[in-house]
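Reader: I would like a close look at a single part of this model, taken slowly and with its surroundings brought in step by step. Please begin with one element and work outward from there.

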Amino acid sequence: NKGINFMNLVKKDDADALKSFIEKHNFFLVIGHKEPDGDCITSCLGLAAILDYYKKDYQLLNAGPFKRNEVARYQEKFSDTMEFLDSSERESTGLIICDCSEITRLGDIDGDLRGLDTFIIDHHKTGVLEENMQGYINPEAPACAFLIQLFYETLVGPLTKELAEVLFFGICTDTGYFRFLGTDSAPVFEAVSRLVSYGVNPKETYRLMNSGKPYSTRKLVGVLLDKAERYLNGKLVVTYESLEDTKSYGQDGRDSDALYQLLLAVEGVEAVVFLRQDTVTTCTAGFRSQDKIDVSAIAAKFGGGGHKNASGMSCNGKVETLIPQIVKEFARVM
């Protein structure tokens with residue numbers, strides 16, 4: 001597979017840039033965004049496998065929390081505290097950020113990530129390379145784990161069964177088990193077919209993604225459906241989770257994907273917003289849409305970002321004041 005140009009995404013020059021970055025450092029910090037999802041975590045693990053091939057030492061970092069049921073089993077591999085590095089060690093340390101390009105989205109890490117030589121691999125539409133950073137960002141990719149697969153195949157070769165299972169899982173979580181892919185996705189299926197040839201069991205991966213969820217998540221989905229309100233002639237649906245809801249049903253194992261599926265299936269609905277009051281003064285929100293609406297542009301208005309049809313944000317504010325502001329932004333494009 002070496003040297004093959006898959007989907008015109010990861011070219012040999014791109015892979016060589018990552019290789020050069022790896023070869024110039026002795027130690028690496030590998031990190032993804034806070035509140036990690038399956039794509040974020042598996043991308044970091046896949047990048048670690050590339051570092052293993054080059055016999056490089058590294059530390060896997062993530063601020064957490066590991067709220068999602070599907071990533072909980074990986075938590076022990078990550079730390080939220082940097083290994084201590086003196087000034088000379090920092091000069092020979094590389095920072096690799098996966099599935100994210102905004103330093104602010106890394107969350108609270110105990111240690112100083114500033115000033116480190118940095119390489120970013122991301123696929124979000126709002127991703128940008130800041131000054132003095134190297135990397136590869138391509139929003140055409142359906143998942144960062146897909147990019148990591150292509151980097152690995154180009155630099156190393158065929159994957160082990162264990163690594164193939166990890167990256168297949170990441171690709172599946174970010175594509176909704178391929179539901180979000182369109183007519184241009186043949187190269188993606190070609191890539192995942194190689195993962196299956198390495199020993200991946202798609203049925204088992206689906207089970208890992210969709211089973212073992214707490215009973216409380218089913219009850220919470222019912223509460224959120226009951227709170228859902230339609231706006232803009234029924235094209236937009238907004239629902240929210242209050243602090244009282246979180247207290248009643250807990251913070252772990254939410255199934256917002258099921259919520260989005262149910263609401264987007266309603267006739268005439270073009271976009272769905274799910275707001276959560278995290279603290280008295282802060283909120284997070286998820287945005288999902290059908291093909292036409294670019295929710296990443298709307299999330300960016302509130303300091304967030306992501307994909308055209310799936311984005312998120314965190315900001316100061318309260319649900320009752322944010323909802324009218326969000327509806328106003330959607331009214332500009334609907």
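Author: In this predicted model, a good place to begin is strand S1, where Phe27, Leu29 and Ile31 point one way while Phe28, Val30 and Gly32 point the other way, and all of these residues are buried. Since 6 of the 6 residues of S1 are buried, the strand is largely enclosed by the rest of the structure. Its pairing partner is strand S2, residues 57-61, which runs parallel to S1 and is joined to it by 5 bridges; within this pairing, Phe28 stands opposite Tyr58 of S2.

Strand S4 can be read in a similar way, for S4 is mostly covered, with 5 of its 6 residues buried. S4 pairs with S3 in the parallel sense over 5 bridges, and in that pairing Cys98 has Ile121 of S4 as its bridge partner. S4 also pairs with strand S5, residues 134-137, again in the parallel sense but over 4 bridges, and here Asp122 stands opposite Ile137 of S5.

These strands lead on to the nonpolar interior. In soluble globular proteins, nonpolar side chains tend to be buried together. The largest nonpolar core of this model has 56 residues, and those with the most contacts inside it are Leu18, Leu47, Ile50, Ile121, Phe146 and Leu195. At least two residues of this core are supplied by each of helix H1 (12-23), strand S1 (27-32), helix H2 (38-53), strand S3 (93-98), strand S4 (117-122), H4, H5 and H6, and the largest share, 9 residues, comes from H4. A second core, separate from this one, has 21 residues, including Cys315, Val319, Ile323 and Ile326.

The helices that feed the largest core also pack on one another. The axes of helix H4 (residues 144-155) and H5 come within 8 Å and cross at roughly 145°, with the contact made by Ala145, Phe146, Ile148, Gln149 and Tyr152 on the H4 side and by Leu163, Leu167, Gly170 and Ile171 on the H5 side. By class, this contact has 7 nonpolar residues, 2 polar residues and no charged ones. Helix H5 (residues 161-174) also meets helix H6 (residues 186-197), their axes coming within 9 Å and crossing at roughly 145°, and this crossing is left-handed. Here H5 contributes Ala164, Leu167, Phe168 and Ile171, while H6 contributes Val192, Leu195 and Val196, and the contact of H5 with H6 has 7 nonpolar, no polar and no charged residues.

Further along the chain there is an open sheet of 6 strands, ordered S6-S7-S8-S9-S11-S10 and with mixed pairing. Its edge strands are S6 (229-231) and S10 (305-306), each of which pairs on one side only. S10 is joined to strand S11, residues 310-316, by 2 bridges, and these two strands run antiparallel, with Gly306 having Ser311 of S11 as its bridge partner. Two helices lie across strands of this sheet: helix H8, residues 215-227, lies across S6, S7 (236-241) and S8 (271-277) and runs at about 130° to S7, whereas helix H12, residues 319-331, lies across S6, S7, S8, S9 (282-289) and S11 and runs at about 160° to S8.

Conventions:
Residues numbered from 1 in each chain as written. Predicted model: local features only at pLDDT ≥ 70, side-chain atom pairs only at ≥ 80, totals over all residues. Heavy atoms only, no water. Axes fitted to C-alpha atoms, helices over the stretch in contact; angles between N-to-C directions. Left-handed = near helix turned anticlockwise from the far one by under 90°. Contact = heavy atoms within 4.5 Å. Nonpolar A, V, L, I, M, F, W, Y, C, P; charged D, E, K, R; others polar. Core = buried A, V, L, I, M, F, W, Y, C linked by side-chain atoms within 4.5 Å. Buried < 20%, exposed > 50% of the residue type's maximum accessible area, 1.4 Å probe, protein only. Pairing = 2+ DSSP bridges.
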